[in-house]
Amino acid sequence: MIDFLHSSAVWGVLLTIGAFALGTWLNRKTGKAWCNPLLLGSIFVIVLLSALDIPYADYKASASPVSYLLLPATVSLAIPLYEKWELLQKNVVAILAGILSGVLTSLGSIMAMAWILKMEHIQAATLMPKSVTTAIGMDVAAALGGMAPLAGAVIILTGIVGSLIAESVCRICHIQDKMSKGIAIGTAAHAIGTSKALQMGEIEGAMSGLAIAVSGILTAFLAPVAATFLP
Amino acid sequence: MKYIFQFCRILAFCCLGELLAKLLPLPIPASVYGLILLVIALKTGVVKLEQVKETGLFLTGIFPLLFIPAAVGTMELVEELGKMWLPCLLAIIPVTALVMAVSGIVTQKVARKNTAKISAKEAGCRD
């Protein structure tokens, strides 16, 4: 069995899509925020790999075509950005102010944590880009001298938590405007949050997608500056 | 065939992004360069929207799926995460909520101010 899985180039992709489909189905069926397709799909894969005692490296190699698409998918975020150009232009000040304040809050919070908890530079650099999309965040973490794989894990967990709490945060903070909801979710919880925002509505989804790109770019430029102030 | 060509165009921007990331000494990843270049190309008309649209929206539409292999990989890093569990936990839960609240509230406040300004202007014109 393990030999077969080791030689098969397809099962990882198949398992990933199957687990995601099951997660999506459960999400639709229950409509619960915690039934997130990515969260459930990942849990299914983890459970199956552990139950059958399949090493993660085998799965990773076999599922690599899925991860390969992350770069073209991130570049494709240019399309929603372009499509909503008018809405973006009309509200450019509000959108930029919102995303910038979110990015600064994120970087500032990690910096404050680094000083208060006396974290090592490598740890703080790992957490620094935690709110931006993995493709950008992992590279930023590596460039700052952090641990890229660990940054990826923190970013993904951030995204999952972000999509779980999105509706509650918006309700508690009286964020009622659709555009503002989208910006908030995309800035705090990148692409994973955006999949939640898309469920909430078209404007939320588009604005969240926009926020992924802009917060990613802002973080790529601002994180290196912030990192010079780390202990 | 149309979708293959669309995919090729997107890959070409990925490749250009990778090249810029190699050549320029800035800490900016290939994905960001590729994204900026594609927006510029769309705005200037070098690339038409219909030349990338379906494949691009398909890719952004399956974004969460693409994260599964990496998310499963967090399983391998449980021990590492455990070593710095307090900063990780704080960064993942309260900081995320705070970032979301701040950016949402700021966007809403500024947008409402703008709208109020614009409607005040329009009202002024009518008088």
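**Two chains and their crossing helices**

Biologist: Let's start with H1(B) and H2(B): is their crossing left-handed or right-handed?

Modeller: The crossing of H1(B) and H2(B) is right-handed; the near helix is turned clockwise from the far one by less than a right angle (anticlockwise would be left-handed). Helices here are DSSP runs of H or I with at least four residues, numbered from the N terminus. This is a predicted model, where local features need pLDDT of at least 70, side-chain atom pairs count only at pLDDT 80 or more, and totals for chains, interfaces and linings use all residues. Residues are numbered from 1 along each chain as its sequence is written, while chains are lettered from A and ligands numbered from 1 in the order in which they are written.

Biologist: At what angle do H1 and H2 of chain B cross?

Modeller: Roughly 125°, and the axes of H1 (residues 2-23) and H2 (residues 30-44) of chain B come within 7 Å. Axes are lines fitted to C-alpha atoms over the stretch in contact, with angles from 0 to 180 degrees between N-to-C directions. H1(B) and H2(B) are therefore oblique to each other: under 35 degrees is roughly parallel, over 145 roughly antiparallel, 65 to 115 roughly perpendicular, and the rest oblique.

Biologist: And which residues make that contact?

Modeller: Among them are Phe13(B), Leu16(B) and Leu20(B) of H1(B), with Tyr33(B), Gly34(B) and Leu37(B) of H2(B). In contact means that C-beta atoms, placed from the backbone, lie within 7 Å. By class there are 9 nonpolar, 3 polar and 1 charged residues. Nonpolar covers Ala, Val, Leu, Ile, Met, Phe, Trp, Tyr, Cys and Pro; charged is Asp, Glu, Lys and Arg; the others, Gly among them, are polar.

Biologist: Over to chain A, how far apart are the axes of H11 and H12?

Modeller: They lie 8 Å apart, with H11 (residues 134-143) and H12 (residues 148-172) of chain A packing at about 140°. This crossing is right-handed, and its contact includes Met138(A) of H11(A) and Ile155(A) of H12(A).

Biologist: How many residues does each chain bring to the contact between A and B?

Modeller: Chain A brings 91 residues and chain B brings 66. The chain A side splits into 61 nonpolar, 25 polar and 5 charged.

Biologist: What about domains in chain B?

Modeller: Domain 1 is 1-66 and domain 2 is 78-127, with bounds from an automatic or database domain assignment. Their C-alpha centres lie 28 Å apart.

Biologist: What ipTM does the complex get?

Modeller: The predictor gives an ipTM of 0.87 and a pTM of 0.82.

Methods:
Two residues are in contact if their C-beta atoms, placed from the backbone, lie within 7 Å. Helices (H or I, at least four residues) and strands (E, at least two) are DSSP runs, numbered from the N terminus.
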